[in-house]
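Dear colleague,

I am passing on the structure we spoke about, with the sequence alongside, and below it you will find notes on what came out of the analysis. Please read them with the model open beside you.

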Amino acid sequence: LYASFGDAMRPDLAGGTEPRLASVQRLAGAARQPGPFATGLRNVQGLAFHPRTRELFAVDHGPSGMTQEGGRAGHDELNVLREGSWHGWGAQPVLDGQPVPHVPPVAVWKEAIA
């Protein structure tokens, strides 16, 4: 079971000390380390598994033009999520002293598609 958590209108905290913000969490299934499955996701609008490869896809709602988002708007994304992946929203996480690499989206829409 997976659940998505938005940035709670606090992009400054996403990827920082609140590990649930801007992430997808694995809530059940095989034994895993506690913590987010994938981070750096502003506000996931939907999750789906590829029918053949079983990869987990997420449609992520881009910025809405609010002041705390630097006035940016649009740029909704389609991302392939992998355990431990970071998708660019909020602070870049560090693991074992190294920054977690950014995983680019597979598609980006200039205008919001939600």
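**Overall fold**

Followed along the sequence, the protein chain has the pattern β-β-β-β-β-β-β-β-β-β, which amounts to 10 strands and 0 helices. Please keep in mind throughout that this is a predicted model. The protein chain has 114 residues, of which 31% are buried, and it exposes about 6,800 Å², with carbon and sulfur atoms supplying 55% of that area. Of the contacts in the protein chain with a separation of 6 or more, 42% are between residues 24 or more positions apart.

**The open sheet and the E1–E2 pairing**

Four of the strands, in the order E1-E2-E3-E7, form an open sheet with mixed pairing. Its edge strands are E1 and E7 (85-86), each of which pairs on one side only. Within this sheet, E1 and E2 (residues 23-26) run in the antiparallel sense and are paired over 4 bridges, and in one part of E2 the residue Ser23 is the bridge partner of Phe5.

Ser23 deserves a closer look: this residue of strand E2 is buried, with a relative accessible area of 0%, and its side chain makes a polar contact of 2.9 Å with the side chain of Gln25. Leaving aside neighbours within four places in sequence, Ser23 is in contact with Ala3, Ser4, Phe5, Pro36, Ala38, Thr39 and Leu41.

Just before Ser23 in the numbering comes Ala22, which belongs to the loop between E1 and E2 and counts as buried at 1% relative accessibility. Its phi is near 55 degrees, a positive value in a residue other than glycine. Arg54, in the loop between E4 and E5, likewise has a positive phi, of about 65 degrees, although it is not a glycine. For context, most residues other than glycine have a negative phi, and you may want to look at both positions in the model.

**The nonpolar core**

Which residues make up the largest nonpolar core? There are 8 of them, namely Val24, Phe37, Ala38, Leu41, Val44, Leu56, Ala58 and Leu81, and strands E3 (36-39) and E5 (56-60) each supply at least two residues of this core. As a general point, nonpolar side chains tend to be buried together in soluble globular proteins.

Val24 offers a convenient place from which to explore this region, since, neighbours within four places in sequence aside, Val24 is in contact with Tyr2, Ala3, Ser4, Pro36, Phe37, Ala38, Leu41, Val44, Leu47 and Leu81.

Among those partners is Leu47, which is placed in strand E4 and is partly exposed, with a relative accessible area of 32%. The C-alpha atoms of Leu47 and Val24 are separated by 9.4 Å, although the two residues are 23 residues apart along the chain. Not counting residues up to four places away in sequence, Leu47 touches Tyr2, Val24, Leu56, Phe57, Ala58 and Leu81.

**The aromatic cluster**

How many aromatic pairs does the structure hold? It holds 2. In one of them, the rings of Tyr2 and Phe37 have their centres 5.3 Å apart and their planes at 75 degrees, so the arrangement is edge-to-face. Because Tyr2 lies in strand E1 (residues 2-5) and Phe37 in strand E3, this pair ties together parts that are 35 residues apart in sequence. Tyr2 counts as partly exposed at 21% relative accessibility, whereas Phe37 is buried, with a relative accessible area of 9%.

Tyr2 also pairs with Phe49: here the ring centres are 5.8 Å apart and the planes are at 65 degrees, so this pair is edge-to-face as well. With Tyr2 in strand E1 and Phe49 in strand E4 (residues 44-49), the pair ties together parts that are 47 residues apart in sequence. Phe49 counts as partly exposed, at 36% relative accessibility. Taken together, Tyr2, Phe37 and Phe49 form one aromatic cluster, and Phe37 is also one of the residues of the nonpolar core described above.

With best regards

Methods. Residues are numbered from 1 along each chain as its sequence is written. This is a predicted model: local features need pLDDT of at least 70, side-chain atom pairs count only at pLDDT 80 or more; totals for chains, interfaces and linings use all residues. Side-chain values use heavy atoms; hydrogens and water are left out. A nonpolar core is a set of buried Ala, Val, Leu, Ile, Met, Phe, Trp, Tyr and Cys residues joined through side-chain atoms within 4.5 Å. Buried means under 20% relative accessible area, exposed over 50%, partly exposed in between (1.4 Å probe, protein chains only). Contact means heavy atoms within 4.5 Å. Rings of Phe, Tyr and Trp (its six-membered ring) pair if their centres lie within 6.5 Å; planes under 30 degrees apart count as stacked, over 60 as edge-to-face and the rest as tilted. Accessible areas come from the Shrake-Rupley method with a 1.4 Å probe; for residues, only the protein chains shown count as cover. Two strands pair if DSSP finds at least two bridges between them. A polar contact is a pair of N or O atoms within 3.5 Å; within protein, one must be able to donate a hydrogen and the other to accept it, and residues adjacent in sequence count only if both atoms are side-chain atoms.
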